[in-house]
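Here is a short briefing on one protein chain. It covers confidence, cores, a helix and charge pairs.

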Amino acid sequence: MKTDKKQNQYRVNEQIRVREVRIVGESGSTVMPTRQALDMARQQGVDLVEISPNANPPVCRLIDYSKFLYQQKKRAKEMKAKQVKVEVKEIRFGPQTDEHDYQFKLKHAKEFLEEGNKVRAYVFFRGRSILFKEQGEVLLLRFANDLEDCGKVESMPSLEGKKMFLYLAPKKAGVAKKSQQARDREAEAKEAKEAARQQKAEQEMNADAPANGGLFANAKISADALKKLTEAEDNA
């Protein structure tokens, strides 16, 4: 169903029933009768695809329609992958939350904000604890102050029924988490690159080394030279 919807976004070939169209390409644009544009498409083995139907005349391109749809789908997928999905994470407090519990929840809230998510923190007043609403407000204001490096207050503490809410938004966009498969591919590519670098270095060392035995040849040459020098000194 999604593919059919995508395909129906564009009119192709005989579906284009206007009298003339504007053909755009790398060399520029040209207005011509639609029939002539269809003939050009057939001669080139491609399709006449209407890109901007509301233009006057409509703008078309001579392209492979199947390939065009594939590229559109791929581009949309890449754009979606780059987008960070913003979620609203909840942090719940009691009006008399102890320090250990407070620090634990503060740590989680920082993680949520750094990932690009919003945080809705609230104090739940059970029964007669509503009498401590000022204490709950102080707690939420402290919470906002402790998160000022990574979050900004969207709305100040407000009481709604038995809950007092505080809304925080991330100061900067979160970084989309990479999947394990993507991390594995990056690691494999890094290893392959390092192996290729080492292989190239070894090839360069072998190319620079003297022929006929490398270091052993050098040792033999030095021994021969020393022998000749000694004989020359004896003869002298």
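Which residues are linked with E14 in a network of salt bridges? They are R35, D39 and R42. A salt bridge here is a side-chain nitrogen of Lys or Arg within 4 Å of a carboxyl oxygen of Asp or Glu. This is a predicted model: local features need pLDDT of at least 70, side-chain atom pairs count only at pLDDT 80 or more, and totals for chains, interfaces and linings use all residues. Residues are numbered from 1 along each chain as its sequence is written, and side-chain values use heavy atoms, with hydrogens and water left out.

**Confidence**
- Mean pLDDT (the predictor's confidence in each residue, from 0 to 100) is 80 for the protein chain.
- Of its residues, 75% reach 70 or more.
- Over residues 211-219, pLDDT stays under 50. The model has three contacts (heavy atoms within 4.5 Å) for that stretch beyond four places in sequence.

**Nonpolar cores**
- A nonpolar core is a set of buried Ala, Val, Leu, Ile, Met, Phe, Trp, Tyr and Cys residues joined through side-chain atoms within 4.5 Å. Buried means under 20% relative accessible area, exposed over 50%, partly exposed in between (1.4 Å probe, protein chains only).
- The largest core has 20 residues. I91, F93, V119, L140, F143, L147 and L168 have the most contacts inside it.
- Two or more residues each come from β5 (88-93), α4 (99-114), β6 (118-124), α5 (133-146) and β8 (163-170). Helices (H or I, at least four residues) and strands (E, at least two) are DSSP runs, numbered from the N terminus.
- Helix α4 contributes the most, with five residues.
- Another core, of 10 residues, lies apart from it. Its members include I23, L38, L48 and C60.

**Helix α2**
- T34, A37, L38 and A41 are the buried residues of α2 (residues 34-44).
- They cover an arc of only 100° around the axis, so they sit on the same side of α2. The arc is that of the directions from the helix axis to the C-beta atoms.
- These buried residues pack against β1 (20-25), β2 (28-33), β3 (47-52) and β4 (59-63).
- G45, just after α2, takes a positive phi of about 70°.

**Salt bridges**
- The count comes to 10.
- D39 and R42 pair at 3.0 Å, N to O. They are three residues apart in α2, which means about one helical turn separates them.
- K89 and E87 pair at 2.9 Å, N to O.
- R120 bridges to E90, with the closest N and O atoms 1.9 Å apart. R120 lies in β6 and E90 in β5, so the pair ties together parts 30 residues apart in sequence.
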